[in-house]
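Me: Please examine one strand of this structure closely, together with its partners, and set it against the chain as a whole. I would also like to know which backbone details deserve attention elsewhere.

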Amino acid sequence: MRPEVAVRERAALGEGPTWDPATGRLTWVDILGCRVHTYDPASGRRTVMATGQHVGAAKPRAGGGLVVNLRDGIGLYAADGAFSWLVHDPVAGRRGNDAAVAPDGALWAGTMRYDEQPGGGTLSRIAPDGSVTEILDAVAVSNGTGWSPDGSLMYYIDSPTRRIDVCRVDGPRLLDRRPLATVEEGAGFPDGLTVDADGCVWVALWDGAALRRYTPRGDLDRTVRLPVRRPTACAFGGPGLRDLYVTTARTGPGRPHPLSGSLLVLPDAGPGMPSPAFAG
């Protein structure tokens, strides 16, 4: 598979691609640029919205609009663009990072400290009514989160551990957390992930210039090299959820590749699974 350029962009820290089947558009964020982007591959139309503060993730809502994981908590944008706080919980030195919507419509949102201090971040479940259940209270860089096709397993990444973990799901609880796979030293750090229709886990390797696909047993069965050093996350979209979109970052030492910060796509890499909308 050869990556192509879907959107040429200079995002400082592109992240969190999510396909919205209701609109036929891909949504992703530039965390440090405080921007939410959308892209319609059928027409090529794009939109960009400023959030006013760092935004770790933006996911579609069932009634239209977006739920966003911001520096100071969880915010809601209505379909007309009006903003309100669902959870306002500012903590000095901390911001929202990756997030994902579970099959039941709840948002699982991660946080991290700007200095990436171990134990400074969290993973929480936010119900549609705004009630918060803290699931993990001592992570460093809360990142990729996704579910198996039957919803019985959840995959999770705390990037500095180099692990892709798997947990058994029991309602809002996670049980039996264990490593599914570990990314070896020198191959980069696991960042965002998505799960395909076969139950395989695709992971973006920050500083690894690649995507990897792991089977449900944890076996590495595919590696896709990318031109950019820092891919951040991936998601299936387009007709039949067959195209795999990849966000990338420009931030970091050295001179970035010209495509760093752009949205890439791997045509016909799927099929993936539909992304649920936030029920709040």
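**A covered strand and its setting**

Reply: The protein chain exposes an accessible surface of about 11400 Å², and carbon and sulfur atoms account for 49% of that area. The model is a predicted one, and every value below is computed from it.

The chain as a whole comes before the strand. Its secondary structure consists of 24 strands and zero helices. The radius of gyration is 17 Å, close to the 19 Å given by the globule rule for 280 residues, so the protein chain is as compact as a globular protein of that length. Along the principal axes, the C-alpha atoms occupy a box of roughly 45 × 40 × 40 Å. Of the 280 residues, 55% are buried. When contacts between residues at least 6 apart in sequence are considered, 42% of them join residues at least 24 apart. Charged side chains number 30 positive and 31 negative, and the centres of these two sets are separated by 5 Å.

The strand chosen for the close look is β23, which spans residues 243–248. Six of its six residues are buried, so the strand is mostly covered, given that a residue counts as buried under 20% relative accessible area. The cover extends to both faces of β23. On one side lie Asp-243, Tyr-245 and Thr-247, and on the other lie Leu-244, Val-246 and Thr-248, all of them buried.

β23 has a pairing with β22, residues 231–237, which is antiparallel and runs over six bridges. Within this pairing, Phe-236 stands opposite Leu-244 of β23. The two strands form a hairpin with five residues between them. Gly-238, in the turn of that hairpin, has a positive phi of about 80°.

β23 also pairs with β24, residues 263–266, again in the antiparallel sense, here over three bridges. Tyr-245 of β23 stands opposite Val-265 in β24. Leu-244 and Tyr-245 lie on opposite faces of β23, and each has a cross-strand neighbour: Phe-236 for Leu-244 and Val-265 for Tyr-245.

The segment after β24 contains Pro-271. The peptide bond leading from Gly-270 to Pro-271 is cis, with omega near 20°. Most residues other than glycine have a negative phi, and most peptide bonds are trans.

That background gives a reason to note two further residues. Glu-116 is not a glycine, yet its phi is positive, near 55°. Glu-116 belongs to the loop between β11 (107–113) and β12 (121–126), and it counts as partly exposed because its relative accessibility is 45%. Ala-209, likewise not a glycine, has a positive phi of about 50°. Ala-209 is placed in the loop between β19 (201–206) and β20 (210–214). With a relative accessible area of 16%, Ala-209 is buried.

Two other hairpins may be set beside the one formed by β22 and β23. In the first, β2 (residues 14–20) has seven of its seven residues buried, so β2 is largely enclosed by the rest of the structure. β2 pairs with β3, residues 25–30, in the antiparallel sense over five bridges, and Thr-18 stands opposite Thr-27 in β3. Four residues separate β2 from β3 in this hairpin, and Gly-24 in the turn has a positive phi of about 70°.

In the second, β16 (residues 163–170) and β17 (residues 173–182) pair in the antiparallel sense over seven bridges. Val-169 has Leu-174 in β17 as its bridge partner. The hairpin leaves two residues between β16 and β17, and Gly-171 in the turn has a positive phi of about 60°.

One loop residue completes the survey. Val-91 sits in the loop between β9 (83–88) and β10 (94–101). Its relative accessibility is 33%, so Val-91 counts as partly exposed. The C-alpha atoms of Val-91 and Asp-72 are 6.9 Å apart in space, although the two residues are 19 apart in sequence.

To return to the request: β23 is a strand with both faces covered, paired in the antiparallel sense with β22 over six bridges and with β24 over three.

Key: Residues are numbered from 1 along each chain as its sequence is written. Side-chain values use heavy atoms; hydrogens and water are left out. The radius of gyration is taken over C-alpha atoms; the globule rule is 2.2 Å times the number of residues to the power 0.38. Buried means under 20% relative accessible area, exposed over 50%, partly exposed in between (1.4 Å probe, protein chains only). Contact means heavy atoms within 4.5 Å. Accessible areas come from the Shrake-Rupley method with a 1.4 Å probe; for residues, only the protein chains shown count as cover. Lys and Arg count as positive and Asp and Glu as negative; His and the chain ends are not counted. The place of a charge is taken as NZ of Lys, CZ of Arg, CG of Asp or CD of Glu. Two strands pair if DSSP finds at least two bridges between them.
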